[in-house]
Every structure is written in C-alpha cells, then in structure tokens.
Amino acid sequence: MEKRVSIEEFYESTHSYVPESVRTGIGHFNVFKLDEFAGPKPKPMPFNRRDYFKISLVKGKSRVHYADKVIQVEKQVMVFSNPRIPYNWERIDDQLTGYFCVFTETFFHQYGDLTQYPIFQPSGNPVFQLTDGQLKTMAQIFERMFDEIESEYQFKYDVLRNLVFELIHSGLKMQPAQITETSYSNASERISGLFMELLERQFPMESPMQRIQLRSPSDFATQLGVHVNHLNRALKETLQKSTSVLINSRIVQEAKILLRHTNWNVSEIAHTLGFEETAHFSNFFKKSTSFSPVNYRKERDV
C-alpha cells in the first residue's frame with residue numbers, strides 16, 4: 001500500500017526543496033496557485049494522502065471523493081482537507097484554476113485546535129459549492145495571502161493565521177455541498193481500501209510515546225463517516241473478515257514486531273497499542289498467538 005505523502009515529500013516532489021520551517025517543525029504555512037499543478041502539464045500532486053492541512057479553492061468541473069461519498073462539482077468549490085481523512089480528487093476539465101494553502105498543525109500551536117471545527121471532523125462535510133460571488137470573495141482572501149507572505153511585515157504570519165481563520169469561518173457559514181447519489185461500481189472495495197489506509201496510517205510505532213488513535217470498529221466508522229454496520233458489511237464482502245478481526249490482526253502484527261525488535265517493556269507496548277491495562281494486552285496477545293508477550297520475546301533468542 002502506498003504511504004501517505006508528508007509535507008516534506010510534497011515540497012521535494014513539486015519544488016525540489018524543503019523550506020526551513022518544515023525541516024525545523026516550528027510550524028509551516030504556504031499558499032500556491034493551482035494552475036501550475038492542474039494544467040495541461042501538471043506537476044505531481046498528491047490529493048489523497050497528506051500529512052498536513054490544506055484548503056483548496058478550485059474552479060472547473062471535477063469530482064471530490066471521500067469515504068463512500070462523491071460530490072460532483074460543476075463550477076467551483078472550496079474543500080477543507082486534514083491529515084486524518086483520505087480524499088481523492090478526480091479532474092474532469094482539462095484545466096482547473098484556483099488556489100490552495102497548506103499548513104501544519106504546529107502553525108496554529110497556541111491558537112486553538114483546528115480539528116474542533118466541523119469542517120475538519122470526520123462526521124462533517126468539508127466540501128462547499130460556491131456561487132460566483134462567493135468565489136470572488138474567497139479568491140480575494142487567497143490574494144491577500146500572497147500579498148502578505150511576500151511582504152516584509154514582521155508579524156505577517158499572524159495575519160496569515162487570521163486569513164486562514166477567515167476561510168474557515170466563511171466556509172462554516174456556507175451550505176455544504178450535496179453528496180451526489182452516485183453508486184460506485186464497487187463501493188465496498190472503495191470503503192475497504194479507505195479503511196485499510198486508515199489502519200496502516202497508524203503504524204509503524206516508532207516511540208513508546210506514540211499511541212494509536214483508532215482502536216475500535218466504531219472509531220474507524222466515525223472517521224470514515226459511515227455506520228459501523230455499513231463498514232463491517234463492506235469488509236466482509238471484500239476481505240471476508242470482520243472489522244474487529246482486521247484491526248486485531250494488525251495490532252498483533254505490530255505487537256510481534258515491537259516485542260522482537262525493540263527493548264520496550266510490555267507495559268510500554270501495551271500503552272502504545274491502545275490498551276489501558278497491561279494485563280488486557282497480555283491476555284489479548286496470548287489469545288491470538290498462544291504465547292504470553294514475555295514468552296514470545298524469549299523466542300527471539302532461541
């Protein structure tokens with residue numbers, strides 16, 4: 001499975017450099033014209049896997065896909081993307097125009113939690129069809145971003161944060177786009193693919209300080225914006241396994257890796273894999289493998 005694209009890889013693939021603010025992790029923001037990415041000879045641009053937030057203003061006929069939903073765009077649209085939800089953007093017109101800005105969560109450190117806004121939540125609708133008047137208003141905000149980022153003003157990034165908030169609040173005041181009642185040739189395959197992407201995103205665990213966020217079938221269903229029964233039916237149809245079995249199998253796989261290839265203690269491994277009690281993890285692991293975590297680790301040296 002192809003891994004998601006980090007903001008570093010975005011810059012390396014499109015600009016052949018990585019800004020210092022990205023390298024240092026102090027928080028990054030940038031704004032772009034869409035034309036150079038979506039013209040007749042576009043630069044490579046990942047639309048479905050990203051490690052950063054993105055707000056896009058796009059003029060042209062296209063389709064926006066997320067989870068098992070499709071939104072048909074006839075004229076112009078604004079889309080709010082975040083690192084947790086996978087998207088795919090299908091271009092219909094040969095030429096799309098517009099703008100997009102990208103920013104990391106650390107760019108808004110101490111300025112609030114962006115994921116609290118409905119447009120960045122799994123159950124929300126992050127796609128907004130725009131009237132011609134709304135397009136003009138949103139385009140003016142992006143143009144102000146360009147003016148600001150090229151200025152020498154000492155506090156320009158504070159202004160840019162305000163402009164991002166202006167886009168967010170403008171979106172919240174709009175009516176979300178209607179989901180097109182379009183059936184995929186195989187909707188179950190699509191939602192299964194998105195589930196597996198979300199599952200794999202959480203791994204590998206590289207530090208005992210990490211902790212998986214999606215642990216139960218309902219967690220995944222909420223993230224994908226579908227009912228848990230819908231998700232389970234799709235996985236049963238395509239993978240012949242239940243949601244719980246797939247989640248547990250991947251957790252067991254990661255547990256084996258951590259037990260064999262790290263010196264983390266069992267309590268640390270239990271925590272990072274989402275178990276509140278070490279005993280619960282030990283029972284889970286033994287039930288799945290017939291070994292206790294300690295005995296499985298000892299097998300490494302045999």
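This is a guided tour of a predicted protein model, moving from the whole chain to a group of helices and then to single residues.

**The whole protein**

Start with everything shown. The protein has 302 residues, and buried residues make up 47% of them. Its secondary structure comes to twelve helices and eight strands. The exposed area is about 15500 Å², of which carbon and sulfur atoms supply 49%. Now turn on contacts between residues at least 6 apart in sequence: 73% of these join residues at least 24 apart.

**Helices H6 and H8**

Two packed helices are described by the angle between their axes and the distance between the axes. Select residues 187–201, which form helix H6, and then residues 228–239, which form helix H8. The two axes come within 8 Å and cross at roughly 100°. That angle makes H6 roughly perpendicular to H8.

Show the side chains where the two helices touch. From H6, the contact is made by Ser188, Glu189, Ile191, Ser192, Phe195 and Met196. From H8, the residues are His230, Leu231, Ala234, Leu235, Glu237, Thr238 and Leu239. Sorted by class, this contact has seven nonpolar, four polar and two charged residues.

**Across the loop to H9**

Select Gln240 next, in the loop between H8 and H9. Gln240 is not a glycine, yet it has a positive phi of about 60°. Most residues other than glycine have a negative phi, and most peptide bonds are trans. Is Gln240 buried or exposed? With a relative accessibility of 57%, Gln240 counts as exposed.

Past this loop, select residues 243–261, which are helix H9. Keep H6 on screen as well. The axes of H6 and H9 come within 11 Å, crossing at roughly 30°. Angles under 35 degrees count as roughly parallel, and H6 and H9 are therefore roughly parallel to each other. Their crossing is right-handed.

Which residues of H6 meet H9? They are Phe195, Leu199 and Glu200. On the H9 side, the partners are Thr243, Leu246, Ile247 and Arg250. This contact of H6 with H9 has four nonpolar, one polar and two charged residues. Phe195 of H6 is worth a second look, since this residue also belongs to the contact with H8.

**From H9 to H11**

Leave H9 selected and add helix H11, residues 278–289. The axes of H9 and H11 come within 11 Å and cross at roughly 100°. Angles of 65 to 115 degrees count as roughly perpendicular, so H9 and H11 are described as roughly perpendicular to each other.

Show the side chains again. Asn248, Ile251, Val252, Ala255, Lys256 and Leu259 represent H9 in this contact. They meet Phe281, Phe284, Phe285, Ser288 and Thr289 of H11. By class, there are seven nonpolar, three polar and one charged residues.

**Phe275, before H11**

Step back along the chain to Phe275, which sits in the loop between helix H10 (266–272) and H11. Phe275 is buried, having a relative accessible area of 10%; under 20% counts as buried.

What is Phe275 in contact with, leaving aside its neighbours within four places in sequence? The contacts are Arg211, Arg215, Ile251, Ala270, His280, Phe281 and Phe284. Among them, Ile251 lies in H9, while Phe281 and Phe284 lie in H11, and these three residues also take part in the contact of H9 with H11. To see a link across the sequence, select Ile212 too: it is 63 residues from Phe275 along the chain, and their C-alpha atoms are separated by 9.6 Å.

**Ser290, after H11**

Go to the other end of H11 and select Ser290, in the loop between H11 and helix H12 (293–298). Like Gln240, Ser290 has a positive phi without being a glycine, here of about 75°. Ser290 is exposed, at a relative accessible area of 63%.

**Two more stops**

Return to the loop between H6 and helix H7 (217–224) and select Pro204. The peptide bond from Phe203 to Pro204 is cis, with omega near 0°.

Finish at Thr131, in the loop between strand S8 (127–129) and helix H4 (132–149). Thr131 is partly exposed, with 46% relative accessible area. Add Lys75 to the selection: Thr131 and Lys75 are 56 residues apart along the chain, with 8.4 Å between their C-alpha atoms.

How values were computed. Residues are numbered from 1 along each chain as its sequence is written. This is a predicted model: local features need pLDDT of at least 70, side-chain atom pairs count only at pLDDT 80 or more; totals for chains, interfaces and linings use all residues. Side-chain values use heavy atoms; hydrogens and water are left out. Axes are lines fitted to C-alpha atoms, for helices over the stretch in contact, and angles run from 0 to 180 degrees between N-to-C directions. Helices (H or I, at least four residues) and strands (E, at least two) are DSSP runs, numbered from the N terminus. Angles under 35 degrees count as roughly parallel, over 145 as roughly antiparallel, 65 to 115 as roughly perpendicular and the rest as oblique. A crossing is left-handed if the near helix is turned anticlockwise from the far one by less than a right angle, and right-handed if clockwise. Contact means heavy atoms within 4.5 Å. Ala, Val, Leu, Ile, Met, Phe, Trp, Tyr, Cys and Pro count as nonpolar, Asp, Glu, Lys and Arg as charged, and the others, Gly among them, as polar. Buried means under 20% relative accessible area, exposed over 50%, partly exposed in between (1.4 Å probe, protein chains only). Accessible areas come from the Shrake-Rupley method with a 1.4 Å probe; for residues, only the protein chains shown count as cover.
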